[in-house]
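Let's take a walk through the hollows of a protein. Have the structure open and turn it around as you read.

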Amino acid sequence: MFTRDHITYDPIDLPDRMEMTDDQMLAESEAFYDRMKRRHSVRDFSDRPVPRTVVEACVRAAGTAPSGANHQPWHFVAISDPEQKHRIRLAAEEEERRFYDGGAGDEWLKALEPIGTNDDKPHLDIAPWLIVVFAQRWGQFDDGTRFKNYYVPESTGIATGMLLTALHHAGLVALTHTPNPMKFLNEMLGRPDHEKPTMIIAVGHPAADAKVPAVAKIKKPLAEILTVSE
């Protein structure tokens, strides 16, 4: 991506520009909110296939996210192979059993009760795709020399949020899963040690009888998440 001998500031005219009236901006933002408020974390998946091209398009959208120094310190591994998904499920459930057997602490487990989660993760088998997100601590020039990445957690978090948005926009549902620790994913997926797995995202269509916890529909009102200083 980067050439060590050619890193210079080369300004170009803004290639893409949207001009809207105030009314158009409001309409667009409200339409986007209306669409995004229908996004749900779903644990009940259908085995209906999802074309690889759709997953690729969503990851491509995630790759447009802003990042520290434009280093784009992320890598996504998309898995549809049933055997590999099952191996991930078994390893993830092993970590989850430790979590639910007391590793998480009483307060955390109590907080999870309204969500209805446990150490059984069948969605990791059933969902047609698993996307594993890796954060890259450092990158490499074309000659193999290392360079430092900046704001890695923040940049990867933004890209992951854009991926979830793109998946929802494509009519799919997703579930984020963060077994801890997740180092087993590096070896399993052949990723280098300088990449840190941050999340497993199950992707697909909801089952016909899919349920979501009622508490998940409770969102903080705008007054609790926004302070305006004019």
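The second largest pocket in this predicted model holds about 200 Å³ of space. Who makes up its walls? Going along the chain, you meet Ala135, Gln136 and Arg137, then Val152, Pro153, Thr156, Gly157 and Thr160, and finally Lys196, Pro197, Thr198 and Met199. Try picking them out on the structure.

Now which elements do these walls come from? Strand E2 (129-136), helix H6 (152-169) and strand E6 (195-204) each chip in at least two lining residues. H6 is the top contributor here, with 5 residues. As for the chemistry, the lining is made of 5 nonpolar, 5 polar and 2 charged residues.

How do we find such spots at all? Roll a probe the size of a water molecule over the atoms, and you see where empty space is left.

Next, move over to the largest pocket, which has a volume of about 1000 Å³. A set of 36 residues lines this pocket, and Ser41, Arg43, Ile115, Leu175 and Thr176 are the ones closest to its centre. To get your bearings, look for the elements that give two or more residues to this lining: helices H1 (22-36), H3 (82-103), H4 (106-112) and H8 (222-225), along with strand E5 (173-177). Which of them gives the most? That's H3, with 5 residues.

And what are the walls of the largest pocket like, sorted by class? You'll find 14 nonpolar residues, 10 polar ones and 12 charged ones in the lining.

Note on methods. Residues numbered from 1 in each chain as written. Predicted model: local features only at pLDDT ≥ 70, side-chain atom pairs only at ≥ 80, totals over all residues. Heavy atoms only, no water. 1 Å grid on protein atoms, 1.4 Å probe; cavity = no way out; pocket = protein on both sides within 12 Å on 5 of 7 lines; lining within 4 Å. Points joined across faces, edges and corners; volume = space filled by probe spheres on them. Helix = DSSP H or I, 4+ residues; strand = E, 2+ residues; numbered from the N terminus. Nonpolar A, V, L, I, M, F, W, Y, C, P; charged D, E, K, R; others polar.
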